[in-house]
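Colleague: I am new to this structure and would like a close look at a single part of it. Please take one sheet and what surrounds it, and then place that part in the rest of the model.

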Amino acid sequence: MAQVPANLKYVASHEWIRDEGNGVVTVGITDFAQEALGDIVFIELPEVGSEVNKDDSIAVVESVKAASDIYAPISGEIIEINEELVDAPERANEEPYDGAWFFKVKLSEASEMEALLSAEDYAAACE
Amino acid sequence: MGQRTALYDAHIASDAKIVDFGGWDMPIHYGSQLKEHNLVRTDAGMFDVSHMTVVDVTGSDACAYLQYLLANDVAKLAAEGKALYSGMLNEQGGVIDDLIVYRADALGGYRVVVNCATREKDLAWMNKQTANFEVSLSEQPDLAMIAVQGPNAIAKAQQAVAANASAVIASLSIFQGLPCEDWFIGRTGYTGEDGLEIMIPASEVAAVWHKLLAAGVKPAGLGARDTLRLEAGMNLYGNDMDETISPWQANMGWTLALKDQRDFIGKAALLEEQARGIEYKMVGLVLETRGVMRSHQKIIFTASDKQGEITSGTFSPTLQQSIAMARVPANAGNECAVDMRGRAVPVRMVTMPFVRNGQKVYK
């Protein structure tokens, strides 16, 4: 059974969002997503400094099986990316919620946070 | 729920992720396809291939029948135990299936192994062609099959089987197969490594699987089987060729025995295509930048307006870059790019295989 930590927020396209306070969130892909993708071999991340809109395709995950787009779960500016993940993409399989975060976003529309799914709702959506 | 092999419970016990494969519930991986792939390249892994279809061909015309049925010539099988890879073609020269045939004198003729997804049409076609021959076909649905593959596969398999089976294994040269009581052991495979394909009565197979586990052979799923065969430059029926594609266009020209008077189904069409000029060929592609090539992506040429298409593409765990097989125009040159999600990415055309016995071999 895929893990869905209760302290995170989620979107139906299988990204998780952690509120870091001061208007910044960290984004990654869920345990359910990594398991469905299988072994991940390449990850492309957005440019630091780029402005993204909610639901834009801004990153790509390539597994042995398929290529998948990663969507911005929220609008804002990319302020940091996890460069280590680019060199060690298998970490997204091994620790999707810890070491394998993808990028950090400085929110431009704080109200978008309210539309994110709770752990409970996301878990229900995965069933 | 699909059909299950006699090893289904063993897969579940090894935490397999099960998927539907041509109507069968089969393990795609047991945790990590990449680890399973690497294990086969460096040590030994085993695959449940019990879903494959085994057909024995016996009778006084068995040889003549197979000479007519297949594009390769079973007369090349000069001694008991020899094996042959061949296409089975339709009248238009398209590939109905690819298969392995073993000369099995002790079974009264030949043992043929065809694909699982093509079972029904293959059996119907093979039966239809028996009309003018003194031959009988008997499918062997009670045989399960384990493929043990990798540089240590043979040594580890010998530890796991009885002395008589171990002696048969020791006697086999590469690409030979022999019966051992009600088993049949082939030194064949679909990975580009040394190894065995062992056909075993379904009632005994789980015990053998557990002995192989105890001998240090780890299970590997259909996911690793696909990346291994692609690195080895081996075709997958339905992806790389089908009934609309001739062996000329599927890198199977080497399997065509055309030099003598023997007639076989599809021969006239093959000769006609050759005389007319073969329009497409199958090549290997290596992506030297990041990304993974996928089947159905288009290949664009500098020197031609005609396009090619990827038939199988993946990430190569051994080479740590993406490789693919593609059907491309025969005379479009080597300079090409793959259309990856709207971007034309330059790609290198190479001669397959990509990997043999654990090593990069393409040029």
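Modeller: What follows describes one sheet of chain B and the helices on it, and then moves outward. The model is a predicted one.

The starting point is the division of chain B into domain 1 (8-45 + 141-231), domain 2 (54-139) and domain 3 (279-360). The part to look at is an open sheet in chain B, whose five strands come in the order 5-6-7-4-8 with antiparallel pairing. Strand 5 and strand 8 (136-139) of chain B are its edge strands, and each of them pairs on one side only. From one strand to the next, the twist averages 30 degrees.

Within this sheet, six bridges connect strand 4 of chain B with strand 7 of chain B in the antiparallel sense. One residue pair to find there is D56(B) and its bridge partner R111(B), which is in strand 7 of chain B.

Two helices can be followed from here. Helix 4 of chain B packs on the sheet and touches strand 4, strand 6, strand 7 and strand 8 of chain B. The direction of helix 4 of chain B makes about 70 degrees with that of strand 6 of chain B. Helix 3 of chain B lies across strand 4, strand 5, strand 6 and strand 7 of chain B, and runs at about 125 degrees to strand 4 of chain B.

Which residues of helix 3 (residues 62-69) of chain B are buried? They are A62(B), Y65(B), L66(B) and L69(B). Their arc around the axis is only 95 degrees, so they sit on the same side of helix 3 of chain B. These buried residues pack against strand 4 (53-58), strand 5 (83-89), strand 6 (95-104), strand 7 (109-114) and helix 4 (119-128) of chain B.

Strand 5 of chain B also contains A83(B). A83(B) counts as buried because it has 22 C-beta neighbours inside 10 Å, the cut-off being 20 or more. Leaving out residues up to four places away in sequence, A83(B) touches I100(B), V101(B), Y102(B), F175(B), Q176(B), G177(B), G186(B) and T188(B). Of these, G186(B) is 103 residues from A83(B) along the chain, yet 8.5 Å separate their C-alpha atoms.

Next comes domain 3 of chain B, whose centre is 33 Å from that of domain 2 of chain B, taken over C-alpha atoms. Strand 16 of chain B is largely enclosed by the rest of the structure, because eight of its nine residues are buried. With strand 15 (residues 298-301) of chain B, strand 16 of chain B forms a hairpin that has six residues between the strands. That antiparallel pair is joined by two bridges, and I299(B) has G308(B) as its bridge partner. Strand 17 (residues 321-329) of chain B also pairs with strand 16 of chain B, in the antiparallel sense over seven bridges. Here I310(B) stands opposite A326(B). The hairpin of strand 16 and strand 17 of chain B has four residues between the strands, and Q320(B) takes a positive phi near 60 degrees in it.

The last step is to the other chain: 12 residues of chain B are in contact with seven residues of chain A. On the chain B side, helix 2 (33-42), helix 8 (222-231) and strand 16 (308-316) each supply at least two residues. That side divides into three nonpolar, seven polar and two charged residues.

Key:
Residues numbered from 1 in each chain as written. Chains lettered and ligands numbered in written order. Predicted model: local features only at pLDDT ≥ 70, side-chain atom pairs only at ≥ 80, totals over all residues. Domains from an automatic or database assignment. Buried ≥ 20, exposed ≤ 12 C-beta atoms within 10 Å, placed from the backbone. Arc of directions from axis to C-beta. Nonpolar A, V, L, I, M, F, W, Y, C, P; charged D, E, K, R; others polar. Pairing = 2+ DSSP bridges. Axes fitted to C-alpha atoms, helices over the stretch in contact; angles between N-to-C directions.
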